[in-house]
Amino acid sequence: MKVCIITNHLNNSYINDSLIHDRLITTLGLTPKDVFNLSNPNSAYQVNREYTHALILLDYRASSLHPQKTYLSEIKIPRVFIVDSVPQVHTELDNFFSNNILKTSSHLSILSKDQQFFLYNEYADALIFYNQEDIELFSSFYHLTKPTPVAVIPPSLGNEHDIKVNFNTFLPNKNIGFNGSPSFGNGMFNASTTLSHIPTYSLNIHGNHGRADIPNEILINYMTGLNPNVKYWGMLKNKLKFFQENHIYYGASQYDSFNYFTFISILNGMVPLLSSQSNTSEFFPDYPFIVDIHSEKQIPNMVLKISNTPEHQLKDILNAAANKLKHLNHQNSQEQYHNFLNSL
């Protein structure tokens with residue numbers, strides 16, 4: 001078996017996507033030469049000649065279906081789509097934020113629901129998801145007309161013995177950190193409301209504006225202008241400093257599939273604040289710091305609960321959560337990919 005990746009991820013600055021993409025390459029033992037971009041349709045012949053399976057990892061931000069159709073129609077080996085998130089959910093969240101809060105039309109460039117359906121129904125020989133909930137969401141939007149094998153294979157967090165909490169950077173304080181796209185979907189609007197209830201706390205936002213450039217920039221400008229305790233620092237350059245200076249990791253999103261930096265944060269001694277709407281919370285059973293993001297008071301109350309939890313109890317909670325992540329290791333992920341792809 002020889003696997004390659006076909007993608008249209010031209011923008012490597014998407015924080016979460018880039019982290020997962022790099023980890024997938026490491027997990028499967030691939031090199032940059034095994035990654036092909038849709039912008040070069042001639043490479044489809046090399047893919048057919050040299051590989052047995054193609055993993056299709058697409059950026060849902062796209063204005064035209066033509067490049068995907070042109071490239072994928074030429075691929076003769078099994079085309080296994082990695083559905084890293086459900087595009088229609090992002091569309092609905094962006095429409096809600098734009099129409100109801102910004103009072104404008106959506107600027108998110110994305111394929112229509114019918115085009116997304118065509119893409120999956122026509123070209124997907126199999127589907128891989130990061131969590132079980134995304135399978136149900138996907139099925140509610142895209143009713144595929146052909147039987148399509150499905151698997152849940154989350155990204156790897158590394159070698160099993162490395163999946164543990166590093167308490168060297170564990171330092172309780174009143175700083176909340178975030179690294180990613182500061183979007184409505186990632187819960188930033190709710191984070192702004194949260195700080196109005198707990199004015200002694202600070203929110204340090206790192207990352208970039210992501211796919212929804214204009215709405216996210218407007219949101220950040222609103223947050224930083226409203227509250228001096230909200231700081232936007234741009235791309236994260238020093239992870240160690242981030243873990244040392246921030247105690248709580250803000251992961252209370254409206255929707256996500258696998259927020260990779262949430263997992264990185266807990267393994268570096270931060271305390272994630274999660275939401276029940278986030279599919280990342282699926283990997284944290286019995287975790288006590290999960291809120292309903294639609295309840296305005298739950299988030300600030302949970303921040304205070306984390307701060308009021310004794311340090312030794314926090315460490316026990318983080319250790320227990322990390323132990324339940326150990327199955328997200330390289331070897332397990334490799335075996336899951338190997339078994340699933342060979343079954344096709």
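Student: Where does Asp84 sit in this predicted model?

Tutor: Asp84 lies in the loop that links strand S4 with helix H4 (87-102).

Student: Why is Asp84 called buried?

Tutor: Buried means under 20% relative accessible area. Asp84 has 15%, so the label buried applies.

Student: And what does Asp84 touch?

Tutor: Leaving out residues up to four places away in sequence, the contacts of Asp84 are His9, Asp17, Leu57, Leu58, Tyr130, Asp134 and Ser257. Contact here means heavy atoms within 4.5 Å.

Student: Leu57 belongs to S3, right? What makes strand S3 mostly covered?

Tutor: Count the residues: S3 runs over 53-57, and five of its five residues are buried. His53, Leu55 and Leu57 point one way, while Ala54 and Ile56 point the other way, and all are buried.

Student: How do you know that S3 pairs with S1 and with S4, and how many bridges are there?

Tutor: Pairing takes at least two bridges between the strands. S1 (residues 3-7) and S3 are joined by five bridges and run parallel; Thr7 is opposite Leu57 there. S3 and S4 (residues 79-83) share three bridges, again parallel, and Phe81 in S4 is the bridge partner of Ile56.

Student: How does the chain get from S3 to S4, and what is the crossover called?

Tutor: The path goes through helix H3 (residues 66-72), and this β-α-β crossover is right-handed. That name is given when, with the strands pointing away from the viewer, the path from the first strand over the helix to the second runs clockwise.

Student: Back to Asp17, which is in H1. How do you know that the length of helix H1 agrees with what is expected?

Tutor: H1 covers residues 15-27, which is 13 residues, and at 1.5 Å a residue they should span 18 Å. The end C-alpha atoms are 18 Å apart, so the two values agree.

Student: Which residues of H1 are buried, and what follows the helix?

Tutor: The buried ones are Ile15, Asp17, Ser18, Ile20, His21, Leu24, Ile25 and Thr27. After H1 comes Gly29, with a positive phi near 70°.

Student: Now the open sheet. What is its strand order, and why are S9 and S12 called edge strands?

Tutor: Six strands are arranged as S9-S8-S7-S10-S11-S12, with parallel pairing. S9 (230-232) and S12 (290-291) each have a single partner strand, so one side of each is left without a neighbour in the sheet.

Student: What makes S7 and S10 a pair?

Tutor: The cut-off is at least two bridges, and S7 (residues 175-180) is joined to S10 (residues 248-251) by two bridges, running parallel. Gly177 is opposite Tyr249 in S10.

Terms used: Residues are numbered from 1 along each chain as its sequence is written. This is a predicted model: local features need pLDDT of at least 70, side-chain atom pairs count only at pLDDT 80 or more; totals for chains, interfaces and linings use all residues. Side-chain values use heavy atoms; hydrogens and water are left out. Helices (H or I, at least four residues) and strands (E, at least two) are DSSP runs, numbered from the N terminus. Buried means under 20% relative accessible area, exposed over 50%, partly exposed in between (1.4 Å probe, protein chains only). The expected span of a helix is 1.5 Å times one less than its number of residues.
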